[in-house]
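Ready for a little structure reading? Have the sequence and the model open side by side, and try each exercise before you read its solution.

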Amino acid sequence: MAINVIKVSRVSPATDSIAPLILPLTFFDLLWVNLNPIERVTFYRHTELSHDSFYSLILPKLEESLRLALSHFLPLSGHLKWDPQEPKPHIIISPQDTVSLTVAETTDADFSRVSGKGLRHNIELRPLVPELPVSSDSVSILALQITFFPNRGFCIGFAVNHAVVDGKTVVKFLKSWAHICKYGAIPQDFHLPILLDRTVINLPAELELKILELPPYNVRTPKLPPARDIEDAVHITLELSQENVKKLRERAKSESTRSELHLSTFVVSYAYVLTCVVKARGGDADLPVSFTYVADFRDRLDPPVSLSYFGNCVVPISLSGYKAKTFLGENGFVNGVNILSDSVRGLSSRGVESIWELYEEGLKTMELDERRLVVAGSNKFGIYGSDFGWGRPVSTENISLTRGTLFTMSERRDETGGVEIGMCLKKCEMDVFVSLFLNGLQN
């Protein structure tokens with residue numbers, strides 16, 4: 001797919017005065033400081049979108065509403081800066097801050113296929129997402145790209161630094177931008193203005209010291225090791241309907257010998273994907289299997305963190321020490337449910353200090369295991385709620401690069417209670433995975 005860059009502009013927040021501000025990273029931020037950015041592309045269909053209409057009507061409206069939205073999320077226009085004399089980087093917000101916005105168009109792409117749910121190669125989607133500008137001592141927090149598909153629609157791609165925001169905060173910004181673009185005002189139920197006070201994160205100070213002592217986190221440079229796409233990687237989006245989720249939940253109840261299970265949509269969906277991935281990989285039944293999910297701690301701290309807080313408040317939870325045979329047999333699904341249920345239920349009784357011990361232990365295997373299964377996103381974010389005035393997205397795809405196998409979870413576009421699963425695998429593994437996924441639901 002050929003991309004023609006029309007312009008790269010710098011968009012500043014729509015505010016008369018921005019007081020310089022330095023925000024320290026918290027323990028929750030530092031957990032993500034050495035990871036690649038969150039990258040996502042969201043597609044909007046507009047079959048009568050001419051060249052003149054896009055550049056004279058839609059693009060100016062998107063740009064102006066972006067300026068207004070950034071004025072409510074000022075850190076997104078800032079930088080993450082490394083000072084050699086400081087133990088950790090800081091978020092720097094200055095009056096001259098801007099966000100890089102790339103405007104591009106393509107004439108040879110099949111919009112329906114690229115924005116569809118079928119197989120798409122990674123190299124087709126990657127040009128639709130910008131790179132974060134990086135200097136010798138700092139990195140931008142957000143970069144955006146709007147790509148025009150003549151007479152088909154457009155897409156919005158972004159890269160955002162995970163050390164500054166988590167997924168819930170990113171979606172809140174996107175939905176705010178969309179609401180301003182459509183209605184001209186900020187939504188009343190979005191818990192704005194944002195809260196920047198880092199003291200609301202009530203954690204022992206020694207947790208930060210512990211994480212800064214670990215080799216992955218004591219690197220004082222914004223330049224991360226280059227992440228590589230999986231060779232011959234393809235994306236697909238599969239769906240679990242509300243009825244599918246209900247049947248998976250009933251299956252877990254009937255097959256498990258346990259009476260107290262946490263059978264949330266997240267748990268049964270993750271367990272189902274996990275068993276399909278392990279079976280698709282094949283190989284030795286004694287191969288190690290490890291997997292990770294992300295837990296939100298906003299309501300688990302004392303006192304709870306305000307919904308208006310801007311920043312990370314999530315911890316990756318690593319589960320390892322299992323072998324493939326645990327998930328290969330007839331009991332594979334229910335074994336996955338039991339493991340994930342125990343882990344999620346245990347979060348309620350654990351403090352962050354003990355979670356740190358689990359995370360530190362998980363780091364040891366994470367560095368060795370590039371086949372680790374990692375889930376991103378949530379079926380509770382409402383990612384399809386970002387309507388800029390020309391209809392809801394037709395699809396959205398997370399194309400972040402990560403070590404391991406990444407899949408994403410979100411709500412279904414047109415059904416409450418269902419789940420969309422975005423998967424990225426090698427083509428040879430994907431064919432087997434899709435067959436297992438679909439046949440398992442039918443049987």
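Three exercises on this predicted model follow.

**Exercise 1. Work out whether the length of helix α2 agrees with its number of residues.**

Solution. Start with the count: α2 covers residues 51-70, which is 20 residues. At 1.5 Å a residue, the helix should span 28 Å. Now compare the ends: the end C-alpha atoms lie 27 Å apart, so the two values agree. Next, look along the helix for a bend: there is one of about 35° at Ile-58, and Pro-60 follows within four residues.

**Exercise 2. Find the buried residues of α2 and what they pack against.**

Solution. First, list the buried positions, among them Phe-54, Ile-58, Leu-62, Ser-65, Leu-66 and Ala-69. Then recall the helix geometry: with 3.6 residues a turn, residues three or four places apart point the same way. Finally, look across from the buried residues of α2: they pack against strands β1, β6, β9 and β10, and against helix α5 (167-183).

**Exercise 3. Trace the open sheet and place the helices on it.**

Solution. Begin with the order of the six strands, β1-β6-β9-β10-β3-β15, with mixed pairing. The edge strands are β1 and β15, each pairing on one side only. From one strand to the next, the twist averages 15°. Then zoom in on β9 and β10, which run antiparallel and are joined by eight bridges; here Ala-143 stands opposite Ala-159 in β10. Last, add the helices: α2 touches β1, β6, β9 and β10, its direction making about 165° with that of β6. Helix α5 touches β9 and β10, and its direction makes about 145° with that of β10.

Key:
Residues numbered from 1 in each chain as written. Predicted model: local features only at pLDDT ≥ 70, side-chain atom pairs only at ≥ 80, totals over all residues. Heavy atoms only, no water. Helix = DSSP H or I, 4+ residues; strand = E, 2+ residues; numbered from the N terminus. Expected span 1.5 Å × (residues − 1). Bend = angle between axes of the 7 residues up to and from the residue. Buried < 20%, exposed > 50% of the residue type's maximum accessible area, 1.4 Å probe, protein only. Contact = heavy atoms within 4.5 Å. Pairing = 2+ DSSP bridges. Axes fitted to C-alpha atoms, helices over the stretch in contact; angles between N-to-C directions.
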